[in-house]
Amino acid sequence: FPGSLRLLLLLPLQSWVSDFVGPSQPFCSQTTTHANFSESLRQNLRPAVKIESSLSPLPTCTFKQHSRPSPHRTRTPLARNNPASTYFTQRPMASTRERRISKELSDLQNDPNSGVSAHPVDNSLLHLKGIFPGPPDTPYAGGTFQVDILIPENYPFKSPVMKFDTKIWHPNVSSVTGAICLDTLGTGWSPVGTIKMALISLRMLLESPNPKDPQDAEVAKMMLEQPEAFAQKAHEWAVKYAGAPRRDTPVHNYQKVAPPPPRADDPARYQGYNKDLIDRFVHMGFDLDAVVEAFNYVGIDRNGGEDYVLEEAYMGDITARLLGEQ
């Protein structure tokens, strides 16, 4: 293009650049060529780049993440001066058996005519001490007897564990450990039973000993064969250990029981089994008729009445039957 025409075409561009980067030297102050125009444009645009680079960077935004609360939230501890805090810290919630024992002790306290009492040991409702007086008209009259009581985990479906703390001469109580043989505290226990009922049963046991189902065989033998000597020794122990007043002649109604006569060995009782085979179990302390019944129950071969050695498995089955486990 002619020079004048090129100048007319560049004037609008000059005006646009002036508006963008500010006033500068006019493009027409020298002969304008394509190279000069490009160099001039770079020089006039450089301040704009510097201005842009000197701007401070925009602040970066940070977003705070809010987490959802855990479904297992921990509770804020109660204040120290809060009575509820002291209660739940020092006294955990009572179990069902503890609530039952508490009610039973309350009933005992409100029934002084029962003649028995009980109280916790070291504020524990699972360990008690029971107390009752010796019944009148017995060698134990006037004495005070203490019983240790442990409440099992599955009470009242299982009987409390009781033993005499006070030493006593009685066929159903161990003269060494104080262990008790009484149906009420064993197979005869019922979930409706109570501590009061068990203590009353023990007191009645002192009135009516049962030497035929003894806990202490020596005491039972004396009671059956020498009732006078038994009553005297039982009274001496009651005076010494239970604080009973001494009497010259202790009151009792025990009678001498003659041992049953031995039964003759009747071959019919063996029901075809060899006598020596049956007697091996009889010598272990089992009744002859019970041994024969166990043989029939297990199905032991009579082997023509001849003796032979039983297999170990059969021995175990017969013993289990004799012990009531089958």
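Let's start with Pro-133: its bridge partner in β3 is Thr-144. Keep in mind that we are looking at a predicted model. That bridge belongs to a set of 7 that join β2 to strand β3, residues 144-150, and the two strands run antiparallel.

Stay on β2 for a moment, and find Lys-129. On the β3 side, Lys-129 has Asp-148 as its bridge partner. On the β1 side, Lys-129 in β2 is the bridge partner of His-119. So much for single bridges; now the strands themselves.

Strand β1 covers residues 117-121 and β2 covers residues 124-133. They are antiparallel too, with 5 bridges joining them. What do β1 and β2 form together? They make a hairpin, with 2 residues between the strands. Have a look at Asp-122 in that turn, with its positive phi of about 55°.

Now put the strands side by side. The sheet is open, has 4 strands in the order β1-β2-β3-β4, and the pairing is antiparallel. Which are the edge strands? They are β1 and β4, each of which pairs on one side only. From one strand to the next, the twist averages 30°. As a reminder for anyone who is rusty, strands of a sheet pair through backbone hydrogen bonds, either parallel or antiparallel.

There is a helix to go with this sheet. Helix α4, residues 96-109, packs on the sheet and touches β1 and β2. The direction of α4 makes about 25° with that of β2.

Next, the aromatics. How many aromatic pairs does the count come to? The answer is 9. I'd like to show you two of them, and both involve Phe-132.

Take Phe-132 and Phe-145. Their ring centres are 6.3 Å apart and their planes are at 25°, so this pair is stacked; the cut-off for stacking is under 30 degrees. The pair links distant parts of the chain, with Phe-132 in strand β2 and Phe-145 in strand β3, 13 residues apart. Are these two buried or exposed? Both Phe-132 and Phe-145 are buried.

Now turn Phe-132 towards its other partner, Phe-164. Here the arrangement is edge-to-face, at 6.1 Å centre to centre and with 80° between the planes. This pair also links distant parts of the chain: Phe-132 is in strand β2, Phe-164 is in strand β4, and they are 32 residues apart. Phe-164 is buried, as is Phe-132. Add Tyr-140 and you have one aromatic cluster, made of Phe-132, Tyr-140, Phe-145 and Phe-164.

Rings can have charges over them as well, and I have two examples. Lys-233 lies over the face of Trp-169, at 3.9 Å from the ring centre. Over the ring of Tyr-297 sits the charged end of Arg-321, 3.8 Å from the centre.

Let's move to the loops, where two polar residues are worth a click. The first one to show is Ser-159, in the loop between β3 and β4. Ser-159 has a relative accessible area of 10%, so it is buried, the limit being under 20%. What does the side chain of Ser-159 reach? It reaches the backbone oxygen of Leu-185, at 2.9 Å. Setting aside neighbours within four places in sequence, Ser-159 is in contact with Pro-152, Thr-184, Leu-185, Gly-186 and Trp-189.

The other is Asn-172, in the loop between β4, residues 161-164, and α5, residues 195-207. Asn-172 counts as buried because its relative accessibility is 1%. Its side chain reaches the backbone nitrogen of Asn-210 at 2.8 Å. Beyond neighbours within four places in sequence, Asn-172 has contacts that include Ala-179, Ile-180, Cys-181 and Leu-205. Pro-209, Asn-210, Asp-213, Pro-214 and Gln-215 are also among the residues in contact with Asn-172.

Finally, let's zoom out to the whole chain. The secondary structure comes to 10 helices and 4 strands. Along the sequence, the pattern reads α-α-α-α-β-β-β-β-α-α-α-α-α-α. The chain has 326 residues, and 31% of them count as buried. Among contacts in the chain with a separation of 6 or more, 53% come from residues 24 or more positions apart. That's the tour, thanks for listening!

Conventions:
Residues are numbered from 1 along each chain as its sequence is written. This is a predicted model: local features need pLDDT of at least 70, side-chain atom pairs count only at pLDDT 80 or more; totals for chains, interfaces and linings use all residues. Side-chain values use heavy atoms; hydrogens and water are left out. Buried means under 20% relative accessible area, exposed over 50%, partly exposed in between (1.4 Å probe, protein chains only). A polar contact is a pair of N or O atoms within 3.5 Å; within protein, one must be able to donate a hydrogen and the other to accept it, and residues adjacent in sequence count only if both atoms are side-chain atoms. Contact means heavy atoms within 4.5 Å. Two strands pair if DSSP finds at least two bridges between them. Axes are lines fitted to C-alpha atoms, for helices over the stretch in contact, and angles run from 0 to 180 degrees between N-to-C directions. Rings of Phe, Tyr and Trp (its six-membered ring) pair if their centres lie within 6.5 Å; planes under 30 degrees apart count as stacked, over 60 as edge-to-face and the rest as tilted. A charge sits over a ring if NZ of Lys or CZ of Arg is within 6 Å of the ring centre and within 35 degrees of the ring normal.
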